[in-house]
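Here is a walk through one protein chain, from its overall division down to single residues. Keep the structure open and follow along.

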Amino acid sequence: MALNSVTVKVPAKVNLQLSVGPRESDGYHNLVTVFQAVSIFDEVTLTKSHEGSGVTIAVTGDQTHGVPEDGSNLAVKAAQLIAEKFDFSADVHIEVKKSIPVAGGMAGGSADAAATLVGMDALFKLEATREELLALGSELGSDVPFLILGGTAIGTGRGDQLTAALSRGTYHWVFALSTVGLSTPSVYSECDRMRAEREIAAPKVSDALMQALLAANPEAVGDSLVNDLQSAATSLRPALTLILEVGRDYGALGAIVSGSGPTVAFLVADEEAGLDLAVALTASGVVGSVARATGPVPGARVI
Ligand code: ATP
């Protein structure tokens with residue numbers, strides 16, 4: 001029997017390292033980043049619809065605010081792109097069940113695009129290679145390829161040229177979520193503004209972080225977390241500084257703004273420390289809501 005519907009589960013990401021090179025003439029920045037996929041998942045269900053109906057979308061779940069339900073949704077763009085490349089008419093309904101915070105620096109939109117590429121491949125039996133899916137992903141956005149791959153990976157270029165990183169152990173995270181997102185382009189502009197007078201070196205992978213991941217040493221990973229966008233994010237959203245401090249005071253091994261923020265990520269020793277920190281952050285009153293997760297987890301998978 002022909003498959004009529006598939007569901008793909010896709011994780012969020014946190015950047016353990018996000019090193020940003022100078023602004024290039026095309027406006028982009030060369031990055032060196034280390035991604036870890038974490039266990040906060042969106043579920044994307046694709047269902048074939050009648051010929052000529054095109055791509056339609058509905059967004060459900062507990063994180064729907066600000067997510068477009070039209071052609072600007074990255075999942076719709078992903079369905080259209082893969083259909084164009086494989087030369088067929090995309091008549092499909094997409095349901096995105098969102099749990100990944102929106103505009104939080106956790107790549108929720110990119111995750112849905114990654115899930116849609118993987119789901120379209122399965123639903124229409126395209127038998128695309130992993131390389132083809134990753135290439136389509138990078139046309140949609142620089143974080144999309146990583147959400148297809150998952151695990152732990154080093155990203156260079158715009159973050160889309162990936163190499164799997166050697167990482168042992170499971171890492172426990174607490175995320176402090178904001179109700180109001182930060183736009184990624186505005187954080188990069190603020191970063192450029194703050195660096196205007198400085199010479200910026202080409203970014204490179206942190207040896208300390210790589211060794212810490214290999215050694216499954218959360219304390220050392222916590223000490224090695226680095227995000228060049230953090231000062232720009234805290235400049236635009238000063239309250240983030242206090243949230244970072246509260247987490248450190250309550251024993252987080254590492255505290256960092258996730259990607260372009262405003263989500264703040266805390267690395268903790270184990271599940272119990274995560275529960276304690278989540279309670280402390282909530283009680284402190286400086287954080288709207290918290291989420292706990294572990295990583296690394298696999299990338300977009302049909303379930
Ligand atoms: P990144 O970490 O990749 O910079 P982010 O996590 O900060 O991304 P997203 O959640 O991907 O941000 O959302 C950024 C904007 O993209 C949203 O405000 C929304 O307007 C738009 N968007 C398009 N498609 C989606 C989607 N499927 N889910 C969430 N947002 C989407």
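**From domains to details**

The domain assignment splits the protein chain in two: domain 1 spans 5–165 and domain 2 spans 171–295. Bear in mind that this is a predicted model. Taken over C-alpha atoms, the centres of domain 1 and domain 2 are 23 Å apart. Domain 1 gives 30 residues to the contact, and domain 2 gives 36 residues.

How much area do domain 1 and domain 2 bury between them? The figure is about 2,500 Å². Carbon and sulfur atoms account for 64% of it. On the domain 1 side, look at Leu 16, Leu 18 and Val 20. These residues lose the most area to domain 2. Together they make up 23% of what the domain 1 side buries.

Next, the annotations. An unreviewed UniProt entry lists residues 73–151 as "domain: GHMP kinase N-terminal". Over residues 73–151, the chain is 57% helix and 9% strand. The end C-alpha atoms of that stretch lie 25 Å apart. The unreviewed entry also carries "domain: GHMP kinase C-terminal", covering residues 210–283. Here the chain is 58% helix and 15% strand. The end C-alpha atoms of residues 210–283 are 35 Å apart.

Now turn to the helices. Start with helix α1, residues 74–85, which packs against α2. The angle is about 35°, and the axes are 8 Å apart. The crossing of α1 past α2 is right-handed. Which residues make the contact? From α1 come Leu 74, Ala 75, Ala 78, Ala 79 and Ile 82. From α2 come Gly 109, Ser 110, Asp 112, Ala 113, Thr 116, Leu 117, Met 120 and Asp 121. By type, the residues of the α1 contact with α2 are 8 nonpolar, 3 polar and 2 charged.

Helix α2, residues 108–123, also packs with helix α3, residues 130–140. Their angle is about 145°, with axes 10 Å apart. Again α2 passes α3 in a right-handed crossing. On α2, the contact uses Ala 113, Leu 117, Val 118 and Asp 121. On α3, it uses Leu 133, Leu 136, Gly 137 and Leu 140. The residues of the α2 contact with α3 comprise 6 nonpolar, 1 polar and 1 charged. Ala 113, Leu 117 and Asp 121 of α2 appear in both contacts, with α1 and with α3.

The loops deserve a look too. Phe 124 sits in the loop between α2 and α3. What does Phe 124 touch, leaving out residues up to four places away in sequence? Its partners are Lys 48, Phe 88, Asp 91 and Val 92. Compare Phe 124 with Leu 3: they are 121 residues apart in sequence, yet 8.2 Å apart in space, C-alpha to C-alpha.

Back along the chain, find Asp 87 in the loop between α1 and β4 (92–98). Asp 87 is not a glycine, but its phi is positive, at about 60°.

Finish with two prolines. Pro 262 lies in the loop between β9 (254–257) and β10 (264–268). The peptide bond from Gly 261 to Pro 262 is cis, with omega near 5°. Further on, Pro 296 is in the loop between β11 (289–295) and β12 (301–302). Is the bond from Gly 295 to Pro 296 cis or trans? This peptide bond is cis, and its omega is near 0°.

Notes: Residues are numbered from 1 along each chain as its sequence is written. This is a predicted model: local features need pLDDT of at least 70, side-chain atom pairs count only at pLDDT 80 or more; totals for chains, interfaces and linings use all residues. Side-chain values use heavy atoms; hydrogens and water are left out. Axes are lines fitted to C-alpha atoms, for helices over the stretch in contact, and angles run from 0 to 180 degrees between N-to-C directions. Helices (H or I, at least four residues) and strands (E, at least two) are DSSP runs, numbered from the N terminus. A crossing is left-handed if the near helix is turned anticlockwise from the far one by less than a right angle, and right-handed if clockwise. Contact means heavy atoms within 4.5 Å. Ala, Val, Leu, Ile, Met, Phe, Trp, Tyr, Cys and Pro count as nonpolar, Asp, Glu, Lys and Arg as charged, and the others, Gly among them, as polar. UniProt positions are given in the numbering used here, feature names are shortened, and annotations may be inferred rather than shown by experiment. Domain bounds come from an automatic or database domain assignment. Buried area is the accessible area (1.4 Å probe) that two parts lose on being put together, summed over both.
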